[in-house]
Amino acid sequence: MSGAAVAIDFAAGLERVMDDRALFLRVLGRFAGDYRDLAARLHAALDAGDAVLAHRIAHTLKGAAGMIEANRLRELALEVELAMKAGDAAPLALIAALDEELARVLAEVDALLAAPETQTLAPTPAPASSPAVRDDLARLRDMLDLGDGRAPDLATQLRPRLLASMGSEKVAAFDAALRRFDFENALALLEQAGRR
């Protein structure tokens, strides 16, 4: 895909949040957490013949993509939504294009959240062993242990640190556990990373 345009219009996204870079990065982190497994959920709904669920998934993605200025993803989600609304099966090529663009957006989000310049935008001390980082991670562990519903919000704030210490694959599993409110599994993943 040489010469492909960026998946996210970062400048427009910043403008949407009145140039609050830290807030926009948190919005991106939340998007990644909420939509990382969307392709699998959409395919499961389509395979099950659940047009209502597939339509709702596409509609939700369309709005979220618009919020982060992922314009091509928004267009594709709209096309899928309109096909489902008309009672048609969305063409496989369209679903494949949506999958590919979502993967591109998520890769860009991960890169933005993990990039060194983001460390100066959000209050995230670099060394994962610093006392402030240990305190925040300890607080997240405690919240997960207690089943505190605010744990996903704190995890979103700590996302760059989690990516740095766990890696994107483990963070994806961690995010999926949080979405299922499987705090026990999320805690186990966090503690595995802490033992490394």
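**Exercise 1. The end of helix H11**

Find the residue with positive phi that follows H11, then check the length of the helix and list its buried residues.

*Solution.* Start just past the helix. Phe-181 follows H11, and its phi is positive, near 60°. The model is predicted, so this local feature is reported only where pLDDT is at least 70.

Next, the length. H11 covers residues 168-179, twelve residues in total. At 1.5 Å a residue, the expected span is 16 Å. The end C-alpha atoms lie 16 Å apart, so expectation and model agree.

Last, burial. The cut-off for buried is under 20% relative accessible area. In H11, Val-171, Phe-174, Asp-175, Ala-176, Ala-177 and Leu-178 are buried.

**Exercise 2. The whole chain**

Describe the chain by its elements, its burial, its contacts and its surface.

*Solution.* Count the elements. The chain has twelve helices and zero strands. Read from the N terminus, every element in the run is α.

Now burial. Of the 196 residues, 43% are buried.

Then contacts. Take those between residues at least 6 apart in sequence: 61% of them join residues at least 24 apart.

Finish with the surface. The accessible surface of the chain is about 10,300 Å². Carbon and sulfur atoms account for 56% of that surface.

**Exercise 3. Glu-81 and its partners**

Place Glu-81 in its helix, decide whether Glu-81 is buried or exposed, and name its side-chain partners.

*Solution.* Glu-81 lies in helix H5, residues 71-85. Its relative accessibility is 6%, so Glu-81 counts as buried.

Look at what Glu-81 touches. Leaving out residues up to four places away in sequence, Glu-81 touches His-55, Ala-58, His-59 and Lys-62.

Take His-59. The side chains of Glu-81 and His-59 make a polar contact at 2.7 Å.

Take Lys-62. The side chains of Lys-62 and Glu-81 form a salt bridge, 3.0 Å from N to O. Lys-62 sits in helix H4 and Glu-81 in helix H5, so this pair ties together parts 19 residues apart in sequence. Lys-62 has 15% relative accessibility, so Lys-62 is buried.

**Exercise 4. Salt bridges across the chain**

State how many salt bridges there are, then work through the pairs of Arg-16 and Asp-110.

*Solution.* Recall the principle: side chains of opposite charge can pair when their charged atoms come close. The cut-off is a Lys or Arg side-chain nitrogen within 4 Å of an Asp or Glu carboxyl oxygen. By this rule there are nine salt bridges.

First pair: Arg-16 bonds with Glu-69 in a salt bridge, with the closest N and O atoms 2.9 Å apart. Arg-16 belongs to helix H1 (residues 10-16), and Glu-69 to the loop between helix H4 (51-67) and H5, so the bridge ties together parts 53 residues apart in sequence. Arg-16 is partly exposed at 41% relative accessibility. Glu-69 is buried, with a relative accessible area of 14%.

Second pair: Asp-110 forms a salt bridge with Arg-36, the closest N and O atoms being 2.8 Å apart. This pair links distant parts of the chain, 74 residues apart. Asp-110 is in helix H6 (residues 92-114). Arg-36 is in the loop between helix H2 (21-35) and helix H3 (38-47). Asp-110 is buried, at 15% relative accessible area.

**Exercise 5. A network**

Which residues are linked in a network of salt bridges?

*Solution.* The network links Asp-37, Arg-41 and Arg-179. Place one member: Arg-179 falls in H11, residues 168-179.

Definitions and conventions: Residues numbered from 1 in each chain as written. Predicted model: local features only at pLDDT ≥ 70, side-chain atom pairs only at ≥ 80, totals over all residues. Heavy atoms only, no water. Helix = DSSP H or I, 4+ residues; strand = E, 2+ residues; numbered from the N terminus. Buried < 20%, exposed > 50% of the residue type's maximum accessible area, 1.4 Å probe, protein only. Contact = heavy atoms within 4.5 Å. Areas by Shrake-Rupley, 256 points an atom, 1.4 Å probe, with all protein chains shown as cover. Expected span 1.5 Å × (residues − 1). Polar contact = N/O pair within 3.5 Å; in protein donor to acceptor, adjacent residues only side chain to side chain.
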